[in-house]
Protein chains: 2
Amino acid sequence: MNVLIVHAHNEPGSFTAAMKNLAVVVLSEQGHEVKVSDLYAQRFNPVASAADFGCRANDEYLVYALEQRHNLKNGTLAEDIQAELEKIQWADLIIFSFPIYWFGMPAILKGWIDRVFVSGLCYGGRRIYDRGGLKGKQAMLSFTVGGQSHMFGKDAVHGEIKTLLRPIHQGVLAYVGLEVLPPFIAYHVPYISETDRWTYLNQYCEHMVTLDQREPLAFPSLDDFDATLRPLRR
Amino acid sequence: MNVLIVHAHNEPGSFTAAMKNLAVVVLSEQGHEVKVSDLYAQRFNPVASAADFGCRANDEYLVYALEQRHNLKNGTLAEDIQAELEKIQWADLIIFSFPIYWFGMPAILKGWIDRVFVSGLCYGGRRIYDRGGLKGKQAMLSFTVGGQSHMFGKDAVHGEIKTLLRPIHQGVLAYVGLEVLPPFIAYHVPYISETDRWTYLNQYCEHMVTLDQREPLAFPSLDDFDATLRPLRR
């Protein structure tokens, strides 16, 4: 497999970075090809703007998704976007490696999605979900979080983690056709012992060598919806 | 009331911007004081990094939240963060004005949260939810979305909008103690007629003059959890 790890942490010595480094080693050992987009190291620009386009379908009024399609066709997307797009097209599996910020991705990673998952290639019109542009590839979240595992769940203070991940799992990854593998989650990372960190690294290693045994998450199929995306009655 | 509108759109002539401009006029007419943080106009930097700190509790290893607390105490947070914090402290109501990108906020707005909702002031330890640092203030999302309203709901293709908003409503706004008003949502905006746009602006105007009649959304109370944030059995 070709594996792209998109990594976003502002401390190169962080536990999240250790997990990313471990993933590179373990996946390479298994014979996979691995590339890393280290967004902080690349000083990746996360702000979607007119500067992303070398030419414009409409010079006066910016509709970001329309200009994505126009510039994709003309090969005039910003160079950093094109470089990331090439990695996506090369990859069979994309791993997102990050610390949870505010129950979501750090802005630098959210902006990678905003700018790189371009309309016209990754999605567009009814080319979403199981007809999405990245169909045939897989994705997986791999993240650290400050809270403890008992703070997430049905009656827990923050609610179910799968609900909190829904906008990313469904609204980003499944939306563009990626098959979504169950996430790897390391809880309470800033506060746990060295021993518990090693346990997480061991579990992550195990997770990495058994990726092919993981059941992908379930998402809508456009077969169940009509041309206006209304549910078909059967 | 003092109202802060945090606005994030890369096209100054957008419908989202028209909604923001309308909000300024209507709220001012009603005698409220209004300030706008226009993140694209300000060229706001959304990337949380070591550059946000004038001094460091730990020079060698960056733990972002710890340095937020340290720099807050010393008055050495980056100037742009301090300026936004002053607006937050001034505000009784914060309105977030943005187009949905990938079922969430555009990165420039997510990064405003990442950098400005500083640990030690907005939250910290058990100062979350109804004990959060911004308790006593209100917040409201006001956004445009490309999808149509029938694409959201119990059996709809994208699922329930309230589930998709949960990480923002609960994980950001309620988390810091803000009372969350129901959102104002304009669907299918890039594709609707001029007439439908006027209808939305009329509805938004009505929404703005009846804010005090809206029932805030419900979130966890720490009264129902013990000191380790486990649910109390009653």
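Biologist: Happy to look at this with you! Where in chain A is the place of A:R43?
Modeller: Welcome! This is a predicted model, and in it A:R43 has a positive phi of about 50° although it is not a glycine. Its place lies outside the helices and strands, in the loop between β2 and α2 (64–74) of chain A.

Biologist: Is A:R43 buried or exposed?
Modeller: A residue counts as exposed when its relative accessible area is over 50%. A:R43 has a relative accessible area of 75%, so A:R43 is exposed.

Biologist: Which residue after α6 of chain B has a positive phi of about 65° although it is not a glycine?
Modeller: Most residues other than glycine have a negative phi. The residue you are after is found in the segment after α6 of chain B, and its positive phi of about 65° belongs to B:L229.

Biologist: Thanks! Is B:L229 buried or exposed?
Modeller: The cut-off for buried is under 20% relative accessible area. B:L229 has a relative accessible area of 6%, so B:L229 is buried.

Biologist: Which residues is A:H150 in contact with, leaving aside its neighbours within four places in sequence?
Modeller: A:H150 sits in the loop between β4 and α5 of chain A. With a relative accessible area of 18%, A:H150 is buried. Apart from neighbours within four places in sequence, its contacts are A:A156, B:T228, B:L229 and B:R230.

Biologist: And which residues is B:L222 in contact with, again leaving aside its neighbours within four places in sequence?
Modeller: B:L222 is found in the segment after α6 (194–209) of chain B, and at 0% relative accessibility B:L222 counts as buried. B:L222 and B:R126 lie 96 residues apart in sequence, yet their C-alpha atoms are 8.3 Å apart in space. Beyond neighbours within four places in sequence, B:L222 is in contact with A:V157, B:R126, B:I128, B:Y129, B:D130, B:R131 and B:L229.

Biologist: Let's turn to how the copies are related. In chain A, which residue has the C-alpha nearest the axis?
Modeller: A turn of 180° with a shift of 0.0 Å along the axis lays chain A on chain B with an RMSD of 0.0 Å. That is the relation of a two-fold axis. At 2.4 Å from this axis, the nearest C-alpha in chain A is that of A:A107.

Biologist: What percentage of the interface residues of chain A are also interface residues in chain B?
Modeller: The copies meet through the same surface. That follows because the share of chain A interface residues that are also interface residues in chain B is 100%.

Biologist: Which elements do the buried residues of α5(A) pack against?
Modeller: Helix α5 (residues 161–173) of chain A is mostly covered, with ten of its 13 residues buried. Among them are A:T163, A:L164, A:I168 and A:L173. Their partners come from both chains: α5 (161–173) of chain B, together with β3 (93–99), α4 (107–116), β4 (138–145) and β5 (179–180) of chain A.

Biologist: What pattern does chain A follow, read along the sequence?
Modeller: Chain A holds six helices and six strands. Read along the sequence, their pattern is β-α-β-α-α-β-α-β-α-β-β-α.

Biologist: In β2(A), what is the bridge partner of A:V6?
Modeller: Strand β1 (residues 2–7) of chain A pairs with strand β2 (residues 33–38) of chain A in the parallel sense, over six bridges. With helix α1 (residues 15–29) of chain A, these strands make a right-handed β-α-β unit. In β2(A), the bridge partner of A:V6 is A:S37.

Biologist: Over in chain B, which residue of β3(B) does B:V3 stand opposite?
Modeller: Strand β1 (residues 2–7) of chain B is mostly covered, six of its six residues being buried. One side holds B:N2, B:L4 and B:V6, the other B:V3, B:I5 and B:H7. Five bridges pair β1(B) in the parallel sense with strand β3 (residues 93–99) of chain B, where B:V3 stands opposite B:L93.

Biologist: Lovely. Last one: what radius of gyration does chain A have?
Modeller: The C-alpha trace of chain A spans about 55 × 50 × 35 Å along its principal axes, and buried residues make up 56% of its 234 residues. A compact globule with 234 residues would have a radius of gyration near 17 Å. Chain A agrees with this, having a radius of gyration of 19 Å.

Conventions:
Residues numbered from 1 in each chain as written. Chains lettered and ligands numbered in written order. Predicted model: local features only at pLDDT ≥ 70, side-chain atom pairs only at ≥ 80, totals over all residues. Heavy atoms only, no water. Least-squares fit on C-alpha atoms with pLDDT ≥ 70 in both. Contact = heavy atoms within 4.5 Å. Buried < 20%, exposed > 50% of the residue type's maximum accessible area, 1.4 Å probe, protein only. Helix = DSSP H or I, 4+ residues; strand = E, 2+ residues; numbered from the N terminus. Pairing = 2+ DSSP bridges. Rg over C-alpha atoms; globule rule 2.2 N^0.38 Å. Right-handed = clockwise from strand over helix to strand, strands pointing away.
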